[in-house]
Amino acid sequence: MLAYVARRLVQSLLILLGVSLITFALLYVLPADPVRQIAGRSATPQTVENIRHQLGLDQPFIVQYGRYLLGLVQGDFGRSYLQRTEVGELIAARLPASLELMVGAIVCELILGLTMGLVAALKRGTATDQALMVGSFVGVSAPQFVVGLLLLYVFAVRLSWFPIGGYGSFSHLVLPSLTLGILGAGWYSRMMRSSMVDVLRQDFIRTARAKGLRRSAVIFGHALPNAVLPVIAMIGIDIGMFMSGIVVVESVFGWPGIGQLAWQAIQRVDIPIIMGVTLVSACAIVLGNLLADLVTPFIDPRIKLQ
Amino acid sequence: MKSFLSCSVAALALGLALSASAPAFAEDAGMASAKAAEYQPDPDAKEGGAITVTYKDDVSTLDPAIGYDWQNWSMIKSLFDAMMDYVPGTTELRPALAESYEISDDGTVFTFHLRKGVKFHNGREMTADDVKYSLDRVTDSKTQSPGAGFFGSIKGYDEVASGKADGLSGVEVVDPSTVKITLSRPDATFLHVMALNFASVVPHEAVEEYGADFGHHPVGTGAFKLSDWTIGQKLTFEKNADYWRDGVPYLDQITFEIGQEPIVALLRLQKGEVDIPGDGIPPAKFQEVMADPDQKARVVEGGQLQTGYITMNVTMPPFDKKEVREAVNMAINKDRIVQMINNRAIPANQPLPPSMPGYDKSFEGYAYDPEKAKAMLAEAGFADGFSTELYVMNTDPNPRIAQAIQQDLSQIGIKADIQSLAQANVIAAGGTKDQAPMIWSGGMAWIADFPDPSNFYGPILGCAGAVPGGWNWSWYCNEDLDKEAAKADSIVDPAKADERDKMWSDIYDKVMADAPWVPIFNEQRFTMKSKRMGGADNLYVDPVHIPINYDYVYVTDVQ
């Protein structure tokens, strides 16, 4: 077990290194010159070169990348070119909001997805089943910015049930969580349905029925716990989905998380921020996957870590 | 010139509402204080209350040496002061931290007499040493200020900018309340430069304490002080009770809420939760707002010192032929483009905007005439037209405007492919020789830093800007005009201000004779406010304070 975790951690580090190298290289070849942006329109060529030198941007790629890694090892993400603030500080200030949104989204998708999947499995083959599965398909396919704007328009603008974007109270959290959660709910309802259908076919369920247990006792006491565990193990993998989702959803709802930070930085070609957010997201995805793999054997003893 | 980091047509900076006024100028202290008296306090103004202003993007920095976008520009103006500023709502210079000033006859020595008893937000009194420190700091290459170049006329600038000297030799502290600034050449725009945010006076101890984070912990002498900054969420400004100008500011507090889409801000304004949507009226909602009398009554319209234009790269064939450039000038239907953006602009025929001194009212420019354009193109040897590329920034409405330009060009046989890119990439393409044959400047257009005609020449039309990484995207370089420009800017005598403006008119007329640009339009500015906001209209389209002059507006619903 320990050896497995250690090996996976080394692999994760290599993946992160790869992500950092590719992102850094992509941003390096970008035709935009960050120094011109810092220096402004009235700067003389001499000033521009001065700034370029101070930022080390006149160095060859490998030196720049090496310096960045060296800083990273010491926990230094560098300073934003345009805000002139430490990137680590900007990310730290915004990370709690993104995590809050993520927890909200997980709650939404589990409640929605598991319920839909359960009902569909129990009503297998009926119109309800089909309607639910079409619904989940729509949830999976709908672009998040469309879902977000739709929810915003109906529940905030028209009905005034929730605030129109922003951050702070619980009511601010509902719509963005729902927007993110609808996508996941689509996946979960399908997985839950097939998992439940599988379990219902198992011998122990037939035994439970045969010994005369009530239907609800069979479903909630025997089938559900067995069906739900493999589904829940997927949450780790979900984190990757959230990381791509938050860029859109946070921008639509004005949610002050790292997705919004990334979006603003991309528009302004603020390279240190783009690097920082990319790495933090990559970290979350890698850790999420690792977590999902580590949790699985506890849930299903038939699976062994290799 | 501010670099607008992400802007729509809705809300661009530095507008100008008033008729052309020559740069204010005073040879003696008497004249200077007479200017200061020109502003009459609003008799209806009420003290107290708080307002909410919204923005979509994070505030980047509040360091006056660094901040250079339309969002932080007026915030910094309310936190800091410089030697000079402008009479509220106008482009007229008045002394600020300087009580008075003198200019030597040859226009190279400016002596500023500081106001006494002015205190920084940290309680310390401001002195002449702080003025020198601030100017040394902004020009020091280690500060990486985008505004350092404005101070190029101060003696010793080159040494400081290149790191050879620690301080400007041209800035001398005569006594604790007198600063003498010597220029290496007469500069007719120097008093405007001393009113820029970059010339703000900062206390050295606070800069040293916070270092690179001074932009998050600003300490100035301004009407407001920063009391809270929650990154990504909001900033709060509190009234500076010790402000050296009597009676202002009226407001006790301003809250800037960050991360609000313009459309959301507008909805919240209608609910009474927001007082000023900082990003303006979103283009999609503009007609709806203007069609509703109740909402329209709360919109203030003003001009701004802005011109949107197409550049044609004169070093790239076929745009190296003047006839081709003239033909393009005649081919563009500017009225239609203005209609496309809901008439939020007026068609332009020259580089200067109408409210700028030196604007040539009699200049006719190139009238829209596709037939004649086609004939000229044939004359230049392109009877069958040619293919080219039009670079454009990829945010609305710029791609739509580019399409209109593309259609107009196709009428005379020019096939233009649109390259729609992120702002930084268009800027990079423009600054690379022989890369971008045509660029539509929208979203990156030139907006003046101060109301003076010279501000539209040097970097964008002069030889100095026609260098790799420069902003002269036409790569137009006319050395004769450069000489005339230098001559005009050496006229410091206020009695000759009209003569100087005339010289500048001639320069721009000659530029247009060579037709490196197609001037398209001058944007108008529209600021929306809540019902309870009070104060003269020109405070809401203040040429210098964007979107509004925070120091002088007030709310009507306080006791």
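Q: What joins S6(B) to S7(B), and through how many residues?
A: In this predicted model, a hairpin links S6(B) and S7(B) through 2 residues.

Q: What makes S6(B) and S7(B) a pair of strands?
A: Pairing asks for at least two bridges between two strands. S6(B) is joined to strand S7 (residues 178-182) of chain B by 4 bridges, so the condition is met. The two strands run antiparallel. You can look at individual partners too: Val171(B) stands opposite Ile181(B) in S7(B), and Asp175(B) faces Thr178(B) in S7(B).

Q: Why are S4(B) and S6(B) called edge strands?
A: Start with the sheet itself, which is open, has 4 strands in the order S4-S5-S7-S6 (chain B) and shows antiparallel pairing. Strand S4 (98-103) and strand S6 (171-175) of chain B each pair on one side only, and that is what marks them as edges. On average, neighbouring strands here are turned by 20° against each other, direction ignored.

Q: What packs on this sheet, and how is its direction set against that of S6(B)?
A: Helix H3 (residues 128-139) of chain B does, touching strand S5 (109-114), S6 and S7 of chain B. The direction of H3(B) makes about 175° with that of S6(B). Angles here run from 0 to 180 degrees between N-to-C directions, so this value says that H3(B) and S6(B) point in nearly opposite directions.

Q: Why does one side of S8(B) and of S11(B) lack a neighbour in the sheet?
A: These strands belong to an open sheet of 5 strands with mixed pairing, ordered S8-S9-S10-S1-S11 (chain B). Strand S8 (224-230) and strand S11 (276-277) of chain B are at its edges with a single partner strand each, so one side of each has no neighbour in the sheet.

Q: How do you know that S9(B) and S10(B) pair?
A: The bridges tell us: 5 of them connect strand S9 (residues 234-239) of chain B with strand S10 (residues 253-258) of chain B. The cut-off is at least two, so the strands count as paired. They run antiparallel, and Phe237(B) has Ile254(B) in S10(B) as a bridge partner.

Q: What describes the packing of H5(A) and H8(A)?
A: Two packed helices are described by the angle between their axes and the distance between the axes. For helix H5 (residues 87-122) and helix H8 (residues 170-200) of chain A, the angle is about 35° and the axes are 5 Å apart. Their crossing is right-handed. The residues of this contact comprise 22 nonpolar, 7 polar and 4 charged.

Q: What makes up the side of chain B that touches chain A?
A: Here 45 residues of chain B are in contact with 39 residues of chain A. Helix H7 (262-270) and helix H14 (423-430) of chain B each supply at least two residues of that side, and H14(B) gives the largest share, 5 residues. By kind, the side of chain B holds 20 nonpolar, 19 polar and 6 charged residues.

Q: How confident is the predictor in chain A?
A: The mean pLDDT of chain A is 86, with 98% of its residues at 70 or more. Among the elements of chain A, helix H2 (residues 34-39) has the lowest mean, 77, and helix H4 (residues 61-73) the highest, 92.

Notes
Residues numbered from 1 in each chain as written. Chains lettered and ligands numbered in written order. Predicted model: local features only at pLDDT ≥ 70, side-chain atom pairs only at ≥ 80, totals over all residues. Contact = placed C-beta atoms within 7 Å. Nonpolar A, V, L, I, M, F, W, Y, C, P; charged D, E, K, R; others polar. pLDDT = per-residue confidence, 0-100. Left-handed = near helix turned anticlockwise from the far one by under 90°.
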